[in-house]
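Biologist: I'd love a close look at a single part of this model. Could you set the scene and then stay with that one part for a while?

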Amino acid sequence: MALQAHLVELERKHKVLESELHDALLHLSTDDLRIVELKRRKLMVKDEIERLRQTSSTLH
């Protein structure tokens, strides 16, 4: 069950990052490095979600 809770938390973080990225892209004054960092963090979270889903599917 801890794995499922961790997945839920990662999905929440992914949505928050997606929202932050969307807002950053709407503002022309946003630093390009900020956008790159948000994209990098979002991808890392997505990769972790996929890794955990793969792990969870092999356990069942």
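My request comes next, and the reply follows in one piece. Which residues does Glu-11 touch, not counting residues up to four places away in sequence? And is Glu-11 buried, partly exposed or exposed?

Modeller: Happy to. This is a predicted model, so local features need pLDDT of at least 70 and side-chain atom pairs count only at pLDDT 80 or more, while totals for chains, interfaces and linings use all residues. Residues are numbered from 1 along each chain as its sequence is written, and side-chain values use heavy atoms, with hydrogens and water left out.

Let me set the scene. The protein chain has 2 helices and 0 strands (DSSP runs, H or I of at least four residues for helices and E of at least two for strands, numbered from the N terminus). Its radius of gyration is 14 Å, well over the 10 Å that the globule rule gives for 60 residues, so the chain is more spread out than a compact globule (the radius is taken over C-alpha atoms, and the rule is 2.2 Å times the number of residues to the power 0.38). Along the principal axes, the C-alpha atoms fill a box of roughly 50 × 15 × 10 Å. Of the contacts with a separation of 6 or more, 65% link residues 24 or more positions apart (a contact means heavy atoms within 4.5 Å).

Now to your residue. Glu-11 lies in helix 1, and at 29% relative accessibility it counts as partly exposed (buried is under 20% relative accessible area, exposed over 50%, partly exposed in between, with a 1.4 Å probe and protein chains only). Setting aside residues up to four places away in sequence, Glu-11 touches Ile-49 and Arg-53. Let's follow each of these two in turn.

Ile-49 leads us inward. Under that same exclusion of sequence neighbours, Ile-49 touches Leu-7, Leu-10 and His-14 as well as Glu-11. Ile-49, Leu-7 and Leu-10 belong to the largest nonpolar core, whose 10 residues also include Leu-17, Leu-21, Ala-24, Ile-35, Leu-38, Val-45 and Leu-52 (a set of buried Ala, Val, Leu, Ile, Met, Phe, Trp, Tyr and Cys residues joined through side-chain atoms within 4.5 Å). Helix 1 (2-26) and helix 2 (32-59) are the elements that give two or more residues to this core. On the helix 1 side, the buried residues are Leu-7, Leu-10, His-14, Leu-17, Leu-21 and Ala-24, and what covers them includes helix 2. Buried residues make up 22% of the 60 residues in the chain.

Arg-53, the other contact, brings us to charged partners. Arg-53 forms a salt bridge with Glu-50, with the closest N and O atoms 3.4 Å apart (a side-chain nitrogen of Lys or Arg within 4 Å of a carboxyl oxygen of Asp or Glu). Both lie in helix 2, 3 residues apart, about one turn of the helix. Arg-53 is partly exposed at 38% relative accessible area, as is Glu-50 at 37%. Salt bridges that share partners join Glu-11, Glu-50 and Arg-53 into one network.

The structure holds 6 salt bridges, and another of them also runs between the helices. The side chains of Arg-34 and Glu-20 meet at 3.1 Å, N to O. Arg-34 lies in helix 2 and Glu-20 in helix 1, so the pair ties together parts that are 14 residues apart in sequence. Arg-34 is partly exposed at 37%, and so is Glu-20 at 28%.

How far does helix 1 carry us from Glu-11? Its 25 residues should span 36 Å at 1.5 Å a residue, and its end C-alpha atoms are 36 Å apart, which agrees (the expected span is 1.5 Å times one less than the number of residues). For a sense of distance, Glu-11 and Ile-35 are 24 residues apart in sequence and 20 Å apart in space, C-alpha to C-alpha. Ile-35 is met by Thr-30, which, leaving aside neighbours within four places, is in contact with Ala-24 and Ile-35. Thr-30 sits in the loop between helix 1 and helix 2 and is buried, with a relative accessible area of 18%. Its side chain reaches the backbone oxygen of Ala-24 at 2.8 Å.

Back at your residue, then: Glu-11 has Ile-49 and Arg-53 as its contacts beyond its sequence neighbours, one a member of the largest nonpolar core and the other a partner in the salt-bridge network.

Key. Polar contact = N/O pair within 3.5 Å; in protein donor to acceptor, adjacent residues only side chain to side chain.
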